Amino acid sequence: MRTRLEQQSETPGPQAPETAVARGAAAVDAVLALQRTVGNAATVALLARQPVAAPRAPPSDASESWTKEEIKAVQRQLRRLRLYDLLIDGILGRFTELGLVEAFGGEEWRRLDAAATTSRLAAATRPGGGGGRTLRYAELFKDGVFDVTFGIGYKESPKDPDEESTANSQMAVIEAEAVKLLADRGFKEDANLAAKLLANAGRAVDDPGYGRWFVKENAATYAAPAGIPRQIHAVVRTIRNMERGAGGRARAAFVEAMTRGDAAFYTGHGRYGTGPDFDRNFLQFRIYDPPGKSPVQTLDDYDVLERELAKHGNPWTVFKKWVADGRLEVDFSNAGNLRLVAATPHKSEFGGALMQWALEQQQGGSAVATGTTGDLAAGAAVSGRKYRLLAFAGCRTLDYERSLRATPGFGAGEADVLETTRTVHAGYGAYAFAAFVDSVLGQVTTQKLQQAANRAMREHEPEFSGDPIVVTGRGGPRS
Amino acid sequence: MVVPEETRLRLTELVRTYDDHPELRRRPMIDEMDECGGIPAAGELARAADAGDRFVAARLMHLLPDGAHIDPLAALVHDPDPDVSAAARRALHGQRRSSSWRALVQRLANDSSHAELAAAASRWLAEGV
């Protein structure tokens, strides 16, 4: 059996960013958390590929001196603002902190005494905007930049499956649609400005030369109830693989976006519930009769293969036997697979069984990125982030939910995730992405985000039915 | 044989749906293409004046490999419409490697006037050897 074209890269691209993550105490906590989850060896390995500048001194935290009664007063004000709906217990716990971050639009409250904090909260008014949960905008906007990566997965052409590298590839078409939609919204392509804004925000990018960068300065005004209104810059990165079997670079960039970025949006195949994929999985099936001679047929479509195998019995049984007997050789590439789910829930389908088989080949198979020991937990732990926003606009991506939520850093309180409940047509991806960007910059509720994404899909997906896009997660406070 | 209009429309619809939904369970669609007479229809549609019909022909030949496709594919791989010729080349690559297939592909491999196709044909002949 032939193997994939490229070993799956676990290492991001070679270029060192000019700037680095420097989050002081948060980074230290993150390292400790990483050591608890993946161990020292993995921590050292991961940090080795994260250029880190000298850490900033941790800010003084006046909130540590607040008394129980003072905290209760703070909690009452948060409740009035609908930023806290648990017990008034006088404990400055995770949800009280979350409410304070959303109230102040950041961590400013940590430097205030309790009286000043309560006073600011008492003077604040609850924003309008309809019912439902909001996203955690204070976390998304706290450094003044909202960054989102638009990852375009492999999409085959009916006429030429090898067209990744051409200007007319399906991925290029989707990217062009996204670029136009961004331009319509006032974004300009400017990699240097994007790098400068990210650097000023203390954000590191491992492979900044990969993909395209778009910027809209002052894209939104963010005004937390007790905070000072401020302008938010928006940075969009688009990534797509352009080389046969070389999807590992796009995969690495997308993992970085999922762990270190504010938001990551994927459009492309769901790969039978196993995860995003940035390159073509199955390149060629060669049938031999007898084995050892020249092939009698070469197929590049696994549905056609299934039909061919069905002439000889149960297709999956025949597949396994022919592979074992040398009657069938498969060329495939797992380099671009971001395996979020260990076992496809669609193994009864020939395509699902084949996908699972491919992911399990060579060196124990492609590593699963979710769970306590995967890439995502490790990346999230060192990121210092408390919240992230993800979208998977592919077929049946709700299949990712359970594995993703079991991953440290991606629990329901740590990530809001847009997913789909059925197979979908890929042509709507850029439009759903534009609706996503509009929704976040417009600071709408999760309910409105979901409605906007479904509306974009309804307008651009042939044979649309139902509203397949859902947003899961706990979101932020009620608005 | 003239392809009945109803059959042509149905085959066109099936091909479009097939190509638009890579992760649907698509084998039933191929089965229906076959049951609709997709193999003989492909040969007829390959001679159509409309490039869209010729594209459907090439896609049917790819999805329903058959020895009857070799002759029409010999012309379609040089179709003036680039989408049709590209789909036809993909279809030819996937046919059973009969003596007529080998003769055609060897001829294409030797045709220096179409260098890109000649290179592809040479690769096909060397596959898995």
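This report walks through a predicted model with chains A and B, from confidence to sheet, cores and contact.

## How confident the model is

Let's begin with confidence, since this is a predicted model. Chain A has a mean pLDDT of 85, and 84% of its residues reach 70 or more. Please read one stretch with care: over residues 1–58 of chain A, pLDDT stays under 50. For that stretch the model has 108 contacts beyond four places in sequence.

## The sheet of chain A

Chain A holds an open sheet of eight strands with mixed pairing. If you would like to trace the sheet on screen, follow the order E2-E3-E4-E1-E5-E9-E10-E11. Strand E2 (188–189) and strand E11 (469–472) of chain A stand at the edges, each with a single partner strand, so one side of each has no neighbour in the sheet.

Two helices are worth a look against this sheet. Helix H7 (residues 191–200) of chain A packs on the sheet and touches E1, strand E3 (212–222) and E4 of chain A. The direction of H7(A) makes about 50 degrees with that of E3(A). H14(A), in turn, lies across E1, E3, E4, E5 and E9 of chain A, and runs at about 160 degrees to E5(A).

## Strand E1 and its partners

Strand E1 (residues 145–152) of chain A has eight of its eight residues buried, so the strand is largely enclosed by the rest of the structure. Val145(A), Asp147(A), Thr149(A) and Gly151(A) point one way from E1(A), while Phe146(A), Val148(A), Phe150(A) and Ile152(A) point the other way. The residues pointing either way are all buried.

Which strands pair with E1(A)? One is strand E4 (residues 230–240) of chain A, joined to E1(A) in the parallel sense over eight bridges. In that pairing, Phe146(A) stands opposite Ala234(A) in E4(A). Another is strand E5 (residues 263–267) of chain A, which runs parallel to E1(A) and is joined to it by five bridges. Here Thr149(A) has Ala264(A) in E5(A) as its bridge partner.

## From E5 to the edge at E11

Moving along the sheet, E5(A) pairs with strand E9 (residues 388–393) of chain A in the parallel sense, over five bridges. A handy landmark is Ala263(A), which stands opposite Leu389(A) in E9(A). E9(A) then pairs with E10(A), again in the parallel sense, over four bridges. The bridge partner of Ala391(A) in E10(A) is Leu418(A).

Strand E10 (residues 415–420) of chain A has six of its six residues buried, so this strand is largely enclosed by the rest of the structure. Ala415(A), Val417(A) and Glu419(A) point one way from E10(A), and Asp416(A), Leu418(A) and Thr420(A) the other way. With E11(A), the pairing of E10(A) is antiparallel, over four bridges. There, Val417(A) stands opposite Thr472(A) in E11(A).

## Nonpolar cores

In soluble globular proteins, nonpolar side chains tend to be buried together. In this model, the largest nonpolar core has 100 residues. Phe254(A), Phe265(A), Leu390(A) and Ala432(A) are the residues with the most contacts inside that core. Helix H14 (residues 429–441) of chain A gives the most to this core, with ten residues. A second, separate core of 54 residues includes Leu354(A), Ala42(B), Leu45(B) and Ile70(B).

What does Phe265(A) touch, leaving aside residues up to four places away in sequence? Its contacts are Val148(A), Thr149(A), Phe150(A), Gly151(A), Ala391(A), Ala393(A), Phe433(A) and Phe436(A).

## Chain B and its contact with chain A

Chain B has eight helices and zero strands. The radius of gyration of chain B is 15 Å, close to the 14 Å that the globule rule gives for 129 residues, so chain B is as compact as a globular protein of that length. The C-alpha trace of chain B spans about 40 × 30 × 25 Å along its principal axes. Of its 129 residues, 41% count as buried. Among the contacts in chain B with a separation of 6 or more, 56% come from residues 24 or more positions apart.

How many residues does each chain bring to the contact? Chain A brings 26 residues and chain B brings 23 residues. On the side of chain A that touches chain B, strand E7 (295–299) and helix H9 (302–310) each supply at least two residues. E7(A) gives the most to that side, with five residues.

How values were computed
Residues are numbered from 1 along each chain as its sequence is written. Chains are lettered from A and ligands numbered from 1 in the order in which they are written. This is a predicted model: local features need pLDDT of at least 70, side-chain atom pairs count only at pLDDT 80 or more; totals for chains, interfaces and linings use all residues. The radius of gyration is taken over C-alpha atoms; the globule rule is 2.2 Å times the number of residues to the power 0.38. A residue is buried if 20 or more other C-beta atoms lie within 10 Å of its own, exposed if 12 or fewer, and partly exposed in between; C-beta atoms are placed from the backbone. Two residues are in contact if their C-beta atoms, placed from the backbone, lie within 7 Å. Two strands pair if DSSP finds at least two bridges between them. pLDDT is the predictor's confidence in each residue, from 0 to 100. A nonpolar core is a set of buried Ala, Val, Leu, Ile, Met, Phe, Trp, Tyr and Cys residues joined through C-beta atoms within 7 Å. Axes are lines fitted to C-alpha atoms, for helices over the stretch in contact, and angles run from 0 to 180 degrees between N-to-C directions.
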